[in-house]
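Trainee: I have a protein model open and would like to learn how to read it. Could you walk me through it?

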Amino acid sequence: MGRRAKGDRHKIVSSMPPTAADHVKAEATALGCYIGDYLGWLVTTKVGIPMDPPIGEVREHPDPAPTNDGRARYSAMVPRAAADEVVEMADAVGTTMGDIVAGLVSEHFGVPFTVRVKKKALRARQMAGEAGEQLPMTG
């Protein structure tokens, strides 16, 4: 038989500060779970959905994939309900789901992190500001 199903999950690739990635790897190692499952649990609890921490017998964990901007990349396997919350958070800020995950992880470990805002979101904010100046409220 195969492994037990873990339910409907969404894969979110996240690029985080290397220090946060080191903490993630250490925590997953201590729990003996997959890194993606650990990140999914961490995100789920950070958005206020109760979930038991993952445990297992995984002994070796891969190093995070490097990125061009010095960050470290891991994939999070986030349960669907929590992923829906992450989507809403990303839309509200104008960033990617991956940056929301990196922000939640960094906040958890006290690692400084700045969320990147998409150019499309910056342009939409600029256009909204211009429209407000062009259409003053009248009494």
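Mentor: Let's go through the fold, the sheet, burial and charges in turn. Keep in mind that this model is predicted.

Trainee: How many helices and strands does the chain have?

Mentor: A good habit is to count the elements, then read their order. Here there are five helices and three strands, and along the sequence they follow the pattern β-α-α-β-β-α-α-α.

Trainee: In what order do the strands lie in the sheet?

Mentor: Look at who pairs with whom. This open sheet has the order β1-β3-β2, with antiparallel pairing. Its edge strands are β1 (9–16) and β2 (65–66), each of which pairs on one side only. Between β2 and β3 (residues 72–79) there are two bridges; P66, for instance, has A72 in β3 as its bridge partner.

Trainee: And burial? Is I35 buried or exposed?

Mentor: For burial, check the relative accessible area: under 20% is buried and over 50% is exposed. I35, which belongs to helix α2 (residues 35–46), has 6%, so I35 is buried. D91 in helix α3 (residues 80–93) is exposed, because its relative accessibility is 60%. Over the chain of 139 residues, 35% are buried.

Trainee: How many salt bridges does the whole structure have?

Mentor: For these, look for opposite charges meeting through their side chains. The search finds eight salt bridges. One of the pairs is R9 with D37, at 2.5 Å from N to O. This pair links distant parts of the chain, since R9 sits in strand β1 and D37 in helix α2, 28 residues apart. D37 is buried, with a relative accessible area of 11%.

Trainee: Which residues do shared salt-bridge partners join into one network?

Mentor: Let's build it pair by pair. R71 meets D69 at 3.7 Å, N to O. R71 is buried at 14% relative accessibility, whereas D69 is partly exposed at 44%. R116 forms a salt bridge with D99, with the closest N and O atoms 2.9 Å apart. R116 lies in the loop between α4 (97–109) and α5 (119–134), while D99 is in helix α4, 17 residues apart from R116. R116 is partly exposed at 40%, and D99 is buried at 1%. Salt bridges with shared partners join D69, R71, D99 and R116 into one network.

Trainee: Which residues gather in a patch of negative charge on the surface?

Mentor: Here you look for like charges that gather. D84, E85, E88 and D91 form such a negative patch on the surface. You have already met D91 as an exposed residue.

Conventions: Residues are numbered from 1 along each chain as its sequence is written. This is a predicted model: local features need pLDDT of at least 70, side-chain atom pairs count only at pLDDT 80 or more; totals for chains, interfaces and linings use all residues. Side-chain values use heavy atoms; hydrogens and water are left out. Patches are made of residues with over 30% relative accessible area and no salt bridge: like charges are joined within 9 Å, nonpolar side chains (Val, Leu, Ile, Met, Phe, Trp, Tyr) within 5 Å. Accessible areas come from the Shrake-Rupley method with a 1.4 Å probe; for residues, only the protein chains shown count as cover. A salt bridge is a side-chain nitrogen of Lys or Arg within 4 Å of a carboxyl oxygen of Asp or Glu. Lys and Arg count as positive and Asp and Glu as negative; His and the chain ends are not counted. The place of a charge is taken as NZ of Lys, CZ of Arg, CG of Asp or CD of Glu. Helices (H or I, at least four residues) and strands (E, at least two) are DSSP runs, numbered from the N terminus. Buried means under 20% relative accessible area, exposed over 50%, partly exposed in between (1.4 Å probe, protein chains only). Two strands pair if DSSP finds at least two bridges between them.
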